[in-house]
Amino acid sequence: MSERLARFISSYGSVRRWLERVEAEGSGAYNTKVSYVYWLEKFCEYAGLNPDQIVEARREDLDKPVQFEAERRRFEDKLLSFFNRLQREGYKRGSAVYAFSAICSFFNANYLPLKVNFPASWVETTFKVPSREELKAMVENAPSLQAKAWILCQAQSGISGGDLLNLPLDQVKPQLDQGKHPIYIKLLRKKTKGKGPTGGWYETFFGRNAADALREWLPNKRKNNGRIWDWTTVRHVERVVSEAARKAGLDGKITPHSLRKFFNTYAKIAGLNEAIVEYMMGHSLGTVRTAYFIPPKHELEKLYLKAEPYLSIY
């Protein structure tokens, strides 16, 4: 072990506690410890805090009231951003997953576990899932008010590109004018039309970020086409979303589907039942799961409001 790493370990009680626990659990081989400490050091550099400061900040976050849930979970979001950054910097996915595991182990050993979905070691999809910080950068670099509204609407609702493109204006505008929150959306998905007990119908919501962006965009809308958007094809939307990602400095394939994946990921991190998330995205659940898992509208709204802080960037 280098003198620098040895000094890093000896300087912080949280690191010593962590490595003692790693050793007690039977995974304390020398090379494992060196690798774990290496990745923790990189995470500390990324976070701008030393290990003991991270532990204290995490403890302070968890002491905040539940209405500040997004702040309570900022280290979950930071770890996901760190994981994505490692891959952008050229690290193999397996190495990034190992780093992810090391950081989770550090938080666990200090009795402050992170609430995260563990990434697979292999790439299951070519679509990148942006973190909340990356989504904010995309919004701030969106080439138009229409693009900004689209990014936030899709990320906060999970609606597919085709369904969102054809969403009628009159389903949303009256709620916007009345100041409703969240904005209730009911759609018939073409892929599952006529299938299952819902016949392809599904429900979801736009959060406050999306509603505010729509209020900015709609006064500038030029086409009187009965829809929210002036765009006519999903391909055009894909180009706009990719442009926002490129201007934000994000690598990897960012598409409208990535925004859908964002909703799926963060709604589940927020604790929503998988079947609820799938339903809100318009996926077919089958007769039994639909009967047991889909609540009435007012209960679905309560669940969405619970997840909204995780789906928000402001």
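**Exercise 1. Is Cys153 buried or exposed?**

Start with the model: it is predicted. Step one is to take the relative accessibility of Cys153, which is 0%. Step two is to apply the cut-off: buried means under 20%. Cys153 therefore counts as buried.

Now try Cys44. Its relative accessibility is 6%. That value is also under the cut-off, so Cys44 counts as buried.

**Exercise 2. Find how many disulfides the structure holds, then check Cys44.**

Recall what to look for. A disulfide is a covalent bond between the sulfur atoms of two cysteines. The count here is zero. For Cys44, the nearest cysteine sulfur belongs to Cys104 and is 14 Å away. A disulfide needs the two sulfur atoms within 2.5 Å, so Cys44 is in no disulfide.

**Exercise 3. Compare the span of helix H6 (74-88) with the expected value.**

Count the residues of H6: there are 15. At 1.5 Å a residue, H6 should span 21 Å. The C-alpha atoms at its ends are 21 Å apart, so the two values agree.

Next, look at its cover. Of the 15 residues in H6, 11 are buried. Among them are Phe75, Leu79, Phe82 and Phe83, along with the charged residues Glu76, Asp77 and Lys78. The buried residues pack against H3, H4, H5, H7, H8 and H14. Finally, step past the end of H6. Gly90 has a positive phi of about 105 degrees there.

**Exercise 4. Repeat the analysis for helix H7 (residues 93-109).**

H7 has 17 residues. From first C-alpha to last, H7 reaches 24 Å, close to the 24 Å expected. Its buried residues include Val97, Phe100, Ile103, Cys104, Phe106 and Phe107. H2, H3, H4 and H6 are among the elements that cover the buried residues of H7. After H7 comes Tyr111, with a positive phi near 60 degrees.

**Exercise 5. Describe the second largest cavity and its lining.**

Begin with the count. The structure holds two cavities of 30 Å³ or more. The second largest has about 70 Å³ of space.

Then list part of the lining: it includes Ala70, Glu76, Asp77, Leu80, Arg132, Tyr266 and Tyr310. Sort the lining by class. Six residues are nonpolar, four are charged and none is polar.

Last, trace the lining back to helices. H6, H14 (256-269) and H17 (297-311) each supply at least two residues. H6 gives the most, with three.

Definitions and conventions. Residues numbered from 1 in each chain as written. Predicted model: local features only at pLDDT ≥ 70, side-chain atom pairs only at ≥ 80, totals over all residues. Heavy atoms only, no water. 1 Å grid on protein atoms, 1.4 Å probe; cavity = no way out; pocket = protein on both sides within 12 Å on 5 of 7 lines; lining within 4 Å. Points joined across faces, edges and corners; volume = space filled by probe spheres on them. Helix = DSSP H or I, 4+ residues; strand = E, 2+ residues; numbered from the N terminus. Expected span 1.5 Å × (residues − 1). Buried < 20%, exposed > 50% of the residue type's maximum accessible area, 1.4 Å probe, protein only. Contact = heavy atoms within 4.5 Å.
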